[in-house]
Amino acid sequence: MAQKIKKGDRVVVVAGRDKGKTGEVVKALPAEGRVVVSGVNVVKRHQRQSQTQEGGILTKEAAIDASNVMHVDPKDDKPTRVGFKFLSDGRKVRFAKRSGEVIDN
């Protein structure tokens, strides 16, 4: 199945601890059905020092389930569902169901 949320998309979190936060998708993990969003689900990890990396407590974004995020509509910046349609030139693109605006360039 084609992926509805891809790297670089603006999304809003609709469920969980970070509900209401918006951010950009940094990484999409389609096999696991999860996404990493900047500034969302921030966790602390203890890192042992190595020759190349300094040790200490690092903060980084952890993956969240893709069903807990929704696309931000390009027209009015509100959450929207995503659909697929074919353009007149034969390309298959994603579009916002709320406004009908094409998401893919």
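**Exercise 1. Find the residue in E2 that Val-11 stands opposite, and place the pair in its sheet.**

Start with the partner: in this predicted model, Val-11 faces Gly-23 in E2. Next, look at the strands around the pair. E1 covers residues 10–13 and E2 covers residues 22–29, and three bridges join the two, which run antiparallel. Now zoom out to the open sheet: six strands line up as E6-E3-E2-E1-E7-E8, with antiparallel pairing. At the edges you'll find E6 (64–65) and E8 (79–80), each pairing on one side only. If you want the record's view, UniProt puts "domain: KOW" (unreviewed entry) at residues 4–31. That span is 43% strand and 0% helix, and its end C-alpha atoms are 13 Å apart.

**Exercise 2. Is Asp-18 buried or exposed, and which side chain does it meet in a salt bridge?**

First, locate Asp-18: it sits in the loop between E1 and E2. Then check the accessibility. The cut-off for buried is under 20%, so Asp-18, at 11%, counts as buried. Now for the charge partner: the side chain of Lys-21 meets Asp-18 in a salt bridge, at 3.3 Å from N to O. Lys-21 itself is partly exposed, with a relative accessible area of 39%. Finally, skip the neighbours within four places in sequence, and Asp-18 is in contact with Val-13, Val-40 and Asn-41.

**Exercise 3. Work out why Asp-73 has no salt bridge, although Arg-98 is the nearest side chain of opposite charge.**

Begin with the place: Asp-73 is in the loop between E7 (69–72) and E8. Asp-73 is buried, and Arg-98 lies 4.3 Å away. A salt bridge needs the nitrogen within 4 Å of a carboxyl oxygen, so at 4.3 Å Arg-98 doesn't make the cut. What else is around? A polar atom of the Asp-73 side chain lies 3.1 Å from the backbone nitrogen of Lys-75. Beyond its sequence neighbours within four places, Asp-73 has contacts including Thr-80, Arg-98 and Glu-101.

**Exercise 4. Show which parts of the chain the Arg-10 and Glu-101 salt bridges tie together.**

Take Arg-10 to begin with: its salt bridge is with Asp-77, the closest N and O atoms being 3.7 Å apart. Arg-10 lies in E1 and Asp-77 in the loop between E7 and E8, so the pair links parts 67 residues apart in sequence. Arg-10 is partly exposed at 45%, while Asp-77 is exposed at 51%.

Now Glu-101: its side chain meets that of Lys-75 at 3.9 Å, N to O. Glu-101 is in the segment after E10 (92–96) and Lys-75 in the loop between E7 and E8, so this pair ties together parts 26 residues apart in sequence.

Note on methods: Residues numbered from 1 in each chain as written. Predicted model: local features only at pLDDT ≥ 70, side-chain atom pairs only at ≥ 80, totals over all residues. Heavy atoms only, no water. UniProt positions renumbered as here; feature names shortened; annotations may be inferred. Helix = DSSP H or I, 4+ residues; strand = E, 2+ residues; numbered from the N terminus. Pairing = 2+ DSSP bridges. Contact = heavy atoms within 4.5 Å. Buried < 20%, exposed > 50% of the residue type's maximum accessible area, 1.4 Å probe, protein only. Lys, Arg positive; Asp, Glu negative; His and termini not counted. Polar contact = N/O pair within 3.5 Å; in protein donor to acceptor, adjacent residues only side chain to side chain.
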